[in-house]
Amino acid sequence: MNDKFYDDGLRFECNGCSYCCRFEGGVVLLSAEDLERLSRREELTPEQFKKVYCRTLTDDSGKKFLVLKTLSNGDCIFWSKDLCGGKGGCSCYDARPAQCSSYPFWTKILSSEENWNCEGKKCPGINRGSLHSKEEIEKQLSVYQARLPL
C-alpha cells in the first residue's frame, strides 16, 4: 500500500503574506508555456520578454535554465507593493508561472509530512484554512511536475 501523509487532505489558504514571492532568494523556473503566457500578457515577443524580465541560471552540473529576475532585495520582478491596497502582491497573477500557481503543492514539500510542516514554519497559510483533498493536491502536484523548465 502506498499511503501518503496527505491521503486525508491538507489545509492551505493563501493569506497574501508574499513569503513565496519575496525575500528568500527563490528561483522561478519558466517553461515554454509560462514564457508564452507571460509574453502575451506583457504584449512582448518571447525574446523581448526574456531581455526585460529573465536571466539565465546555471546549476551545479552546468545546465542552464531561464528564470524570472529578482530585484536586489530578493523580491520577484513581478511582486508589487502597490497592489492589494498597499499590502502588495503579484502583478502578473492572471498569467503567473505554473511553479507559482501550484505552491505549496511541490514535490519536495509533499515528499514528507516533516517537509510540509517545515514549510509551514515559513508560510502561514500551511495547515490553516481550506481542506484540499488528495485529488486536488495531486492535480496541483502534476501541474508542478509537468512543467519543463527552459
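A contact here means heavy atoms within 4.5 Å. With that in hand, I looked at how the chain folds back on itself in this predicted model. Residues 24 or more positions apart account for 65% of the contacts with a separation of 6 or more.

**Entry: layout**

I went through the secondary structure next. I find six helices and six strands in the protein chain. Reading from the N terminus, I get the order β-α-α-β-β-β-β-α-α-α-β-α. The radius of gyration is 16 Å and the globule rule gives 15 Å for 150 residues, so I can call the chain as compact as a globular protein of that length. I also noted the span of the C-alpha trace along its principal axes, about 50 × 40 × 25 Å.

**Entry: surface and charge**

How much of the chain is buried? I get 35% of the 150 residues. The accessible surface comes to about 9,100 Å², and carbon and sulfur atoms hold 51% of that. For charge, I have 22 positive and 22 negative side chains. The centres of those two sets sit 5 Å apart.

**Entry: cysteines**

I wanted to know about disulfides, and the count is zero. Cys 17 is in none, since its nearest cysteine sulfur, on Cys 123, is 5.5 Å away and a disulfide needs the pair within 2.5 Å. Cys 90 is in none either; the nearest cysteine sulfur there belongs to Cys 92, at 3.6 Å. That distance also fails the 2.5 Å cut-off.

Are these two cysteines buried or exposed? Neither word fits: Cys 17 has 37% relative accessibility, so I put it down as partly exposed. Cys 90 comes out at 26%, and it counts as partly exposed too. The band for that label runs between 20% and 50% relative accessible area.

**Entry: Arg 22**

Where does Arg 22 sit? I found it in the loop between β1 (10–12) and α1 (32–42). Its relative accessible area is 17%, and because buried means under 20%, I have Arg 22 down as buried.

Then I checked what Arg 22 touches. Leaving out residues up to four places away in sequence, I list Asn 73, Gly 74, Asp 75 and Trp 79. I also looked at Leu 71, which is 49 residues from Arg 22 along the chain. The C-alpha atoms of Arg 22 and Leu 71 are separated by 9.2 Å.

Conventions: Residues are numbered from 1 along each chain as its sequence is written. This is a predicted model: local features need pLDDT of at least 70, side-chain atom pairs count only at pLDDT 80 or more; totals for chains, interfaces and linings use all residues. Side-chain values use heavy atoms; hydrogens and water are left out. Helices (H or I, at least four residues) and strands (E, at least two) are DSSP runs, numbered from the N terminus. The radius of gyration is taken over C-alpha atoms; the globule rule is 2.2 Å times the number of residues to the power 0.38. Buried means under 20% relative accessible area, exposed over 50%, partly exposed in between (1.4 Å probe, protein chains only). Accessible areas come from the Shrake-Rupley method with a 1.4 Å probe; for residues, only the protein chains shown count as cover. Lys and Arg count as positive and Asp and Glu as negative; His and the chain ends are not counted. The place of a charge is taken as NZ of Lys, CZ of Arg, CG of Asp or CD of Glu.
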